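Look at the model below, then work through the questions on its backbone and its core.

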Amino acid sequence: MKHKAVAAAILLLAPLTACGGSAEAGDGSTVTVTVGYQSKTINTVTAGTLLRSLGSFEKQLNSLHDGITYKVDWQDYATGAPITAQMTAGKIDIGSMGDFPLLINAARGKQLGKPTHLVSVTGYNLRGGLNTVVTSPDSELASLADLRGKKVSTSIGSAADGTLVRALQRAGIDPDDDIEKLNQQPAVGASALSSGSADALSQFVAWPGLLAYQGKAKALYDGAQLNLPTFHGVTAREDFAQQRPAVLEAFLKAQAEATDYLDDHPVAAAEKVAEATGLPAEVVYLYNGAHGIATFDPAIKPQLISALKDDVSVLKSAKLTGDVDVDSFVDDQYVKKALGADYAKRLAATPAPAAGEVWPKGAEQTRSFKSTAELLSYVAQHQDGIRAAYVPDATTGTLWFADKAVWVADGDQLLPFVAPATAQAYVAGHGGARVITYADALERAS
């Protein structure tokens with residue numbers, strides 16, 4: 001990616017070349033833009049996997065007509081940490097990652113004199129439902145209280161680790177002294193859970209849903225119980241943004257196009273992401289579907305920034321960062337310019353209401369249902385023709401696979417829950433309510 005600039009371009013491009021960035025002039029007419037993304041962290045797909053699949057960024061760059069030929073170097077990583085390392089080394093221009101890694105990105109950039117900025121948002125959940133704690137399918141653990149003295153795998157410094165720390169603290173468990181925390185990459189943690197060397201796993205998308213779908217895990221704690229926003233976003237190097245604002249704006253326009261595509265064609269988008277990542281499309285849709293756990297919007301919403309500020313204390317207590325000036329890290333000027341008048345509308349937009357969906361086999365669209373009873377009745381009548389069925393948790397609204405949910409019968413009501421503890425909490429507060437099997441729920445609805 002290092003190139004020599006021709007004499008005619010030296011004066012114009014000298015500041016760019018001096019910064020050591022990856023978007024440098026080649027023969028005076030070629031610039032390479034390096035994008036770091038996480039293909040399997042599927043709540044960043046509008047800035048990564050789906051965006052790449054659609055070719056939207058390349059099309060936007062070609063439309064600049066500034067006499068430069070642009071090339072995009074897509075670099076795929078498992079987590080945000082290596083993206084941050086490459087950004088602070090001047091080797092990645094634009095990256096996407098979760099909220100806790102974003103804060104580390106901000107801290108490292110400032111510390112090393114290579115500042116970065118949050119320039120847009122990808123997927124978010126206002127209650128925190130993007131992170132889940134799971135256990136093995138045959139585990140007898142029923143609540144967070146049962147984790148005391150147990151081995152819990154997570155990726156320290158990730159949003160999933162933040163969820164684990166906060167959830168344990170609320171349950172009166174010291175996340176440092178009362179559990180044995182295993183700092184592992186998601187895939188390693190999944191293997192540890194399967195082998196029995198970890199009792200539980202706290203991870204971000206798409207790992208909890210994937211393991212549940214594969215029958216390799218069951219939910220223990222729904223991150224939405226925290227009722228604290230969690231999100232993923234796009235970060236850019238400050239020097240790159242200042243020197244190539246049109247390129248960054250082209251990226252953000254392309255991200256908006258990918259977002260619109262996902263919203264307008266959720267099943268097709270899930271299939272594209274599945275094809276690119278090897279993840280089951282049913283799992284992708286759980287998070288990114290029409291009523292999925294994540295909502296996608298590039299606008300930088302105030303409630304997400306407030307949540308980011310609250311996250312700083314968690315990272316500080318873990319000695320992963322010092323103070324982080326979130327206000328100076330956030331820079332919405334580029335996304336505002338890229339989206340123009342549409343930005344205000346996106347900023348005011350709210351997530352779709354919770355709803356159950358069924359994905360029939362061979363269908364290019366899912367079917368939404370106004371009530372869980374209607375959904376169960378449909379599934380009961382078409383069991384051989386169902387690709388996937390999704391239901392929202394009765395208290396948090398987090399979408400989950402219907403056949404993996406914990407079901408409660410309360411009179412004529414059939415209520416799904418992601419985790420056993422929330423189901424038991426409902427039962428404890430409603431006389432006559434009781435936990436039933438999924439098969440029983442289908443039979444009652446048929």
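Q: Where is alanine 206, and which peptide bond leading to alanine 206 is cis?
A: Alanine 206 lies in the loop between β8 (200–204) and α8 (207–213); helices (H or I, at least four residues) and strands (E, at least two) are DSSP runs, numbered from the N terminus. This is a predicted model, in which local features need pLDDT of at least 70, side-chain atom pairs count only at pLDDT 80 or more, and totals for chains, interfaces and linings use all residues. Residues are numbered from 1 along each chain as its sequence is written, and side-chain values use heavy atoms, with hydrogens and water left out. The cis bond, with omega near 0°, runs from valine 205 to alanine 206.

Q: Is lysine 319 buried or exposed?
A: Lysine 319 sits in the loop between α13 (302–317) and α14 (326–329). Its phi is positive, near 60°, while most residues other than glycine have a negative phi. Buried means under 20% relative accessible area, exposed over 50%, and partly exposed in between (1.4 Å probe, protein chains only). Because its relative accessibility is 74%, lysine 319 counts as exposed.

Q: Which helix gives the most residues to the largest nonpolar core?
A: A nonpolar core is a set of buried Ala, Val, Leu, Ile, Met, Phe, Trp, Tyr and Cys residues joined through side-chain atoms within 4.5 Å. The largest one has 98 residues, and Leu248 and Phe251 are among those touching the most other members. With 9 residues, the helix that gives the most to this core is α10 (residues 245–264).
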